[in-house]
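Here are some quick notes from a pass through this model. Have it open in your viewer as you read.

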Amino acid sequence: SGGAIVIDQTLNIDIAARYGGDEFLVVLSETNHAGVMHFCERLRQSIANTTFVSGEDSIRLTTSLGFAVHIPGENINSRELVRRADHASEVGAKLLA
């Protein structure tokens, strides 16, 4: 499942959770912007290279990912950080459409 792929790509110090029906929220601890970009690309490729099977049916999927990075010293709460990541995901989805 998609959730197993997300969990497989995270480290022990990261947090991955389902966030809505087909969305996931991943908190990457101690990861800078370049590390987040690398994680997102690895995750995107892993999903794209997986054939999802249900009975006799199978499908390959693409995904859009969005992220936000907390900048040290920035006064931002977790809700706003999630809102920024969600917005970035929506922008990515529109680019794929």
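The points below go through one helix, its surroundings and a loop residue.

1. Keep in mind that this is a predicted model. Helix H2 covers residues 33–48, and its geometry works out: at 1.5 Å a residue, its 16 residues should span 22 Å, and the end C-alpha atoms are indeed 22 Å apart.

2. On to which residues of H2 are buried. They are Val36, Phe39, Cys40, Leu43, Ser46 and Ile47. Around the axis they take up an arc of only 130 degrees, so they sit on the same side of H2.

3. What covers the buried residues of H2? The cover includes helix H1 (2–9), along with strands S2 (24–27) and S3 (51–54).

4. For a closer look at H1, try glutamine 9, which belongs to that helix. With a relative accessible area of 13%, glutamine 9 falls under the 20% cut-off and therefore counts as buried. Leaving out residues up to four places away in sequence, glutamine 9 touches Phe39, Arg42, Leu43 and Ser46.

5. The N-terminal end of H2 has a cap, namely asparagine 32. One of its side-chain oxygens is 3.3 Å from the backbone nitrogen of alanine 34.

6. One backbone angle deserves a look. Most residues other than glycine have a negative phi. Glutamate 30 is not a glycine, yet its phi is positive, at about 55 degrees. You'll find glutamate 30 in the loop between S2 and H2. Its relative accessibility is 80%, over the 50% cut-off, so glutamate 30 counts as exposed.

Terms used. Residues numbered from 1 in each chain as written. Predicted model: local features only at pLDDT ≥ 70, side-chain atom pairs only at ≥ 80, totals over all residues. Heavy atoms only, no water. Helix = DSSP H or I, 4+ residues; strand = E, 2+ residues; numbered from the N terminus. Expected span 1.5 Å × (residues − 1). Buried < 20%, exposed > 50% of the residue type's maximum accessible area, 1.4 Å probe, protein only. Arc of directions from axis to C-beta. Contact = heavy atoms within 4.5 Å. Polar contact = N/O pair within 3.5 Å; in protein donor to acceptor, adjacent residues only side chain to side chain.
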